[in-house]
Amino acid sequence: MIQRTPFANALTYAIMVIGFLLLIGPFLVVIAGASQTMQQVNAVPFRFVPGDQFLANATAAWTRGDLGHAMINSLIMTLMITFGKVALSACTAFAIVFFRSPLKHLFFWTVFITLMLPLEVRVVPTYAVAADMFTPFRLLIQFFTGIELKIEWNLLNSYAGLTLPLIATATGTFLYRQFFMTLPDELAEAARMDGSGPVRFFFDMLLPLSRTNILALTTIMFVYGWNQYLWPLLMVTDPSYQTVMMKLRMLLPPEDGGTPDWNVTLAGSLLIMLPPVLVVAVLQRWFVRGLVSSEK
Amino acid sequence: MAQIDIRAVRKSYGKTQTLHGVDLIFPTGEFVVILGPSGCGKSTLLRMIAGLEEITAGEIAIGGTVVNKLEPRERGCAMVFQNYALYPHMSVADNIGYALKVSGVPKAERRRRVEETAAIVGLTDYLDRRPAALSGGQRQRVAMGRAMIREPKVFLFDEPLSNLDAKLRVSMRAEIRKLHQRLNATSVFVTHDQVEAMTLADRLVVMNKGRVEQVGQPLDIYHRPASTFVAAFIGSPAMNLIDSRVEGGAVRLGSAVIPLAPAFAGLEGRTVTVGIRPEQVRLAAPGTGLVAIADFVEELGAGRVVHAVMEGQPFAAAIGAEVRIAPGQPIAFDLPAEHLHLFDRETGRRIEIDGEPAQSRAAAATLAPALS
């Protein structure tokens, strides 16, 4: 139902403006604060006019947080999560949609359940596994041979440990599944008649056809991966594996009683925000299309 | 070039059986049309030949090789689908050439063969387009080109014309027929459209409820339907089928009593279904023959079809354009005995006795009806 009265129009506009200010407000503070001097940023009342100190602040933040190294760590982790997820989801969805096996429903529900168990919920058991990968094998070997082996094998302080638990969830799988199910059965049958096996079909047909899906998932996963905080915090003890999200804490003004330099902190957080913003800006056209409609 | 042998083929999905033992032979180079209403198992049978459905029981052999366990690509079949099933992200040239690409044919040769095939199906100017930019008829041609390029032993068509409009359907029908004469591969064409079936088929297979009702040449099936199902399914308007009983060497249809040939004497007292095609019914002088009340009249331009009611049963007759008939008017029909068909009322099978009123027997002797 669409209603058009002057009052309703005014009300909806008012709501939208308030919502917009709520969203954009903190951003304005960050942008303005990041380019002001320490005196300006601590002045009361706060002035929303940007200053000219951004480069100086950014340089200070970069060295204080050792952001160069952390950026590379974050980028590696994010790209591994993104591509791992895009590839793994496509494969699982392919298996779930196009193959008939007696255990199909079991697999489907196993994948589906992971949707209900995000990493935050299963963080303790996941950590236990990642911290001691060898225990299950040790128990098996001990059970069958009686030999007790003492081997340490864990994923702490490694990119594998940072990314694997985040890759293995079902969101992407369902995005692909919905798309694959809109494809007519005849497409697969025609490919079969043309002599193409399942693997060829996957690469020649499914992947090119799900291009918008892939790009949408890439966008989501990049932001998701970049924003990870809790899991890296658990997995990483070695500073050389720290990600930018962990460095964000170190950017807080030193608590030595002096005037807090919020301008440096804000400039640092702006830098950290930049990569996901760029990715979203480039891919957002596909992002919406891939999630909303299935292009055929 | 290959003969297709279908031996005692059954198909079940779980407990429901959709094909109840089908035996058919499609000789090399013939154009076979499988005709039947939806759900009769005709597409299932086709897909079993193609290798897209598993064969529950029985055997299918192509060119003498049993193919039950072979992958579709190893069977030498090509298939044209009802909804074309073109690859939407590929150009017409890539669509047609995909099978060659899969089998590793070098690029130059692939290009040459794609161009040759495109010329045959009239798509030379469209090779760079995507399927979405083509009309229905052109898409259908791409689908045919894609099937042709592999030079298959067997062509399978799964209702390929039912997504086209009526006019295009007629011209594509002619093209498919021409294509068959040119390639001469054994072709199996599934349809529910009897006009398509009659015009295309060298050999027609009529199926119903997972069984073969009749196999034969189209005209022979039209003239000698093996069951009431075939009689009602083939021919438009449908054959009139009226329940009756043989009494005193004659059948009574409403007010008409039609004497049967002496050879039918053995049928005395049997309940039968009498069939006569609307186009073989003639108008009779008032007061004679079968009297029915006109219900409505369908104008066809060249003639018209009167739908009448005779003792509660519908009765149709094709009459010339020159006669005017008003609804509600009683009409007298003459039913020539030589055009009557008799069917057993219990089984629905045709009652055939030597010396039955003369009918076209052309080519009947060459047919081997494989009725299950």
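This briefing covers helix packing in chain A, the make-up of chain B, and salt bridges within and between the chains. The model is a predicted one, and every value below is computed from it. Over all chains the count comes to 20 salt bridges, among them a pair that joins two chains, Glu189(A) with Arg47(B). Chain B contains 8 helices and 20 strands, and one of its helices, H1(B), is mostly covered.

**Helix packing in chain A**

- Helix H4 (residues 67-98) of chain A and helix H9 (residues 171-182) of chain A have axes that come within 8 Å and cross at roughly 45 degrees, which makes H4(A) oblique to H9(A).
- The crossing in which H4(A) passes H9(A) is right-handed; on the H4(A) side the contact is made by Lys85(A), Val86(A), Ser89(A), Ala90(A), Thr92(A), Ala93(A), Phe94(A), Ile96(A), Val97(A) and Phe98(A), while H9(A) contributes Thr171(A), Gly172(A), Thr173(A), Tyr176(A), Arg177(A), Phe180(A) and Met181(A).
- Sorted by character, the residues of this contact of H4(A) with H9(A) comprise 10 nonpolar, 5 polar and 2 charged.
- H9(A) also packs with helix H12 (residues 211-226) of chain A, the two axes coming within 11 Å and crossing at roughly 160 degrees; because angles over 145 degrees count as roughly antiparallel, H9(A) and H12(A) are described as roughly antiparallel to each other.
- H9(A) passes H12(A) in a right-handed crossing, and in their contact Thr171(A), Gly172(A), Leu175(A), Tyr176(A) and Phe179(A) of H9(A) meet Asn213(A), Ile214(A), Leu217(A) and Met221(A) of H12(A).
- The residues that form the contact of H9(A) with H12(A) divide into 6 nonpolar and 3 polar, with no charged residue.
- Thr171(A), Gly172(A) and Tyr176(A) of H9(A) appear in the contact with H4(A) and also in the contact with H12(A).

**A salt bridge between the chains**

- Glu189(A) forms a salt bridge with Arg47(B), in which the closest N and O atoms are 2.7 Å apart; since Glu189(A) lies in helix H10 (residues 185-193) of chain A and Arg47(B) in helix H1 (residues 42-50) of chain B, the pair joins two chains.
- Both partners, Glu189(A) and Arg47(B), are buried.
- Through salt bridges that share partners, Glu189(A), Lys11(B), Arg47(B) and Glu53(B) are joined into one network.

**Salt bridges within a chain**

- In chain A, the side chains of Asp204(A) and Arg200(A) meet in a salt bridge with an N to O distance of 3.1 Å, and both residues lie in helix H11 (residues 198-209) of chain A, 4 residues apart, about one turn of the helix.
- An α-helix has 3.6 residues a turn, so residues three or four places apart point the same way.
- Asp204(A) counts as buried at 16% relative accessibility, whereas Arg200(A), at 31%, counts as partly exposed.
- In chain B, Asp344(B) and Arg270(B) form a salt bridge through their side chains, at 2.8 Å from N to O.
- Asp344(B) lies in strand S20 (residues 341-344) of chain B and Arg270(B) in the loop between strand S13 (256-259) and strand S14 (271-276) of chain B, so this salt bridge ties together parts that are 74 residues apart in sequence.
- Asp344(B) counts as buried at 13% relative accessibility, while Arg270(B), with a relative accessible area of 34%, is partly exposed.

**Chain B and its helix H1**

- The C-alpha trace of chain B spans about 80 × 45 × 40 Å along its principal axes, and buried residues make up 52% of its 372 residues.
- Of the contacts in chain B between residues at least 6 apart in sequence, 68% join residues at least 24 apart.
- In H1(B), 8 of the 9 residues are buried, namely Lys42(B), Thr44(B), Leu45(B), Leu46(B), Arg47(B), Met48(B), Ile49(B) and Ala50(B).
- Lys42(B), found in helix H1 of chain B, counts as buried at 3% relative accessibility.
- Leaving aside residues up to four places away in sequence, Lys42(B) touches Ile34(B), Leu35(B), Gly36(B), Pro37(B), Glu159(B), Val190(B), Thr191(B), His192(B) and Met207(B).
- Just after H1(B), Gly51(B) takes a positive phi of about 100 degrees.

Note on methods. Residues are numbered from 1 along each chain as its sequence is written. Chains are lettered from A and ligands numbered from 1 in the order in which they are written. This is a predicted model: local features need pLDDT of at least 70, side-chain atom pairs count only at pLDDT 80 or more; totals for chains, interfaces and linings use all residues. Side-chain values use heavy atoms; hydrogens and water are left out. Axes are lines fitted to C-alpha atoms, for helices over the stretch in contact, and angles run from 0 to 180 degrees between N-to-C directions. Angles under 35 degrees count as roughly parallel, over 145 as roughly antiparallel, 65 to 115 as roughly perpendicular and the rest as oblique. A crossing is left-handed if the near helix is turned anticlockwise from the far one by less than a right angle, and right-handed if clockwise. Contact means heavy atoms within 4.5 Å. Ala, Val, Leu, Ile, Met, Phe, Trp, Tyr, Cys and Pro count as nonpolar, Asp, Glu, Lys and Arg as charged, and the others, Gly among them, as polar. A salt bridge is a side-chain nitrogen of Lys or Arg within 4 Å of a carboxyl oxygen of Asp or Glu. Buried means under 20% relative accessible area, exposed over 50%, partly exposed in between (1.4 Å probe, protein chains only).
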